[in-house]
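Biologist: I would like to learn how to read pockets and surface patches in a model. Please take one feature at a time.

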Amino acid sequence: MAEQVYDEVVDAKPDEEGYERGLGSRQIQMIAIGGAIGTGLFLGAGTAISKSGPSLILSYAVAGVVIFAIMRALGELLTYRPVAGSFSEYAREFVGPFAGYVTGWTYWLFWVVTGMAETTAAAVYVKFWAPDIPQWLSALTFLVILYGANLISVKLFGEIEFWFSMIKVTAIIGMILIGVGVLTLGFSDAGDTASITHLWENGGFFPKGIGATVMTLQIVMFAYLGVELVGVTAGESENPQKTLPRAINTLPWRIALFYIGALVVILSLVPWTEFQPGVSPFVAAFGKIGIPAAAGIINFVVLTAALSSCNSGMYSTGRMLRDLALRGQAPGRLTKLNASRTPSAAISLSCVLMGAGVVLNYLVPAKAFEYITSVATVCGLWTWAMILICQIRYRKAWKGGHLPPPGFKAPGGTWSSWAALAFLALVVVLIALDESNRISLYVFPGWAVVLVVGYQVLKRRRPEAVHAVAHDHLHARNGAGAGAAAKTGNGDGTTGGEGR
């Protein structure tokens, strides 16, 4: 039970032990923006449009509301206790040691397999300009460059992510502005046919029925994967109590502009019937307008999106793996920090596995590689669900007087979290109904078996590793520091004490 977890107090690591708070507000804002913009929008939207038509706009809006509920729940936890381990730390504290163990390893796996896929994808995008360069060489080059950047300092990681996000943002804003110009002034090759009426012509707003629109929700949700990355930066943000809430609160307008705004413009420029699965809707729209090198521009943007995802993967896997090691749930060598205070050992292991994914893509059939990477989808759902459950448990503890109130309260309290959990359950059902995506539900049970077996072995060999789950649960808000382990009992079964 959560109450039992609250009562366990051990000598645990300080939450951001050894890390440098080197991520400024500018970088956190762009990491938050970039996390919500990926290849799911630039490439995946073409498939979704062909399946549901203009009603895809509604799917993105509904899913965006759910994502905002998840992020506000995360914001509540982050301002209560900003930690580098983030999701797994909260799962340990509010659900139990097994939940923390599963969440830590699952989020680590999510970014490892995402890194595998994105590194390979980046190499494919390079062949657009240089078809003679071996794919493995491009993938290896990108991997080594990003690996080196992540080892140098967290500031360099933040700066690279800032500029990757800037490229994506500039591309979308440019597309929107050009599109609005075409619609209002009528210039370009598309000027005579572009019209807002495309949103309800050609079969109406729901040309394939409401059921088809509902089925796209699973595609849309996975386009948002990575938005929670801002939570992993909590332990290295210069001022997490201010920068993280600010980044989370900008999420609605980011979704409204970059997803809904972009889709409204694109679907007004080009009738939805002209979009094809597997073809970027941005390329189709740019081509319709008559912009030279449209395909090359979007290929460059998608390349940066893939590299951004790989860069984020190295960052988050390193922090999550080191947190597991500090808990005794991963090899102790992975706790090592280099001179720049980055988790060099954990990043190195994760990078090697990402590189192995590139090799694997050549050695095994495409379907086998698809099985491996498909597990990322359910890993993301698990992480989001655990954030919501932890926020619900935290609220219960706070209302019961066991923990301090958050500095950034989620609107709707636990009601919005329960609603978001129900929505995630619906997404799982939709995945089960979709033959092309059902594979992820087949693969994840295998990962679950691995985790359960590993946990049982851990309990027998290192029992202290599965019981060291608590930090201080009643944080002093006097600026002395949040997240230190407390050793002082309050006489009522809870813990207290000043932050170290």
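Modeller: This is a predicted model, and the turns below go through its largest pocket and a nonpolar surface patch.

Biologist: How is empty space found, and what volume does the largest pocket have?

Modeller: Rolling a probe the size of a water molecule over the atoms shows where empty space is left. Here the largest pocket comes to about 1400 Å³.

Biologist: How many residues line the largest pocket, and which lie nearest its centre?

Modeller: The lining has 45 residues, and T39, G40, E118, F222 and T377 are the ones nearest the centre. By class, 20 are nonpolar, 20 polar and five charged.

Biologist: Which element gives the largest share of that lining?

Modeller: Helix α6 does, with eight residues. Elements that each supply at least two lining residues include α2 (25-35), α3 (39-52), α10 (217-223) and α16 (366-399).

Biologist: Now the surface. Which residues make the nonpolar patch?

Modeller: I133, W136, L137, L140, V144, V359, Y362 and L363 make the patch, which covers about 780 Å². Two elements, α7 (135-152) and α15 (344-363), give two or more residues to the patch. The largest share, four residues, comes from α7.

Biologist: Take V359. Where is V359 placed, and why can V359 count as a patch residue?

Modeller: V359 is in helix α15. Patch residues need over 30% relative accessible area. V359 has 45%, so V359 passes that cut-off and is classed as partly exposed.

How values were computed
Residues numbered from 1 in each chain as written. Predicted model: local features only at pLDDT ≥ 70, side-chain atom pairs only at ≥ 80, totals over all residues. Heavy atoms only, no water. Patch = residues over 30% accessible without salt bridge, like charges linked within 9 Å, V, L, I, M, F, W, Y side chains within 5 Å. Areas by Shrake-Rupley, 256 points an atom, 1.4 Å probe, with all protein chains shown as cover. Salt bridge = Lys/Arg side-chain N within 4 Å of Asp/Glu carboxyl O. Buried < 20%, exposed > 50% of the residue type's maximum accessible area, 1.4 Å probe, protein only. 1 Å grid on protein atoms, 1.4 Å probe; cavity = no way out; pocket = protein on both sides within 12 Å on 5 of 7 lines; lining within 4 Å. Points joined across faces, edges and corners; volume = space filled by probe spheres on them. Nonpolar A, V, L, I, M, F, W, Y, C, P; charged D, E, K, R; others polar.
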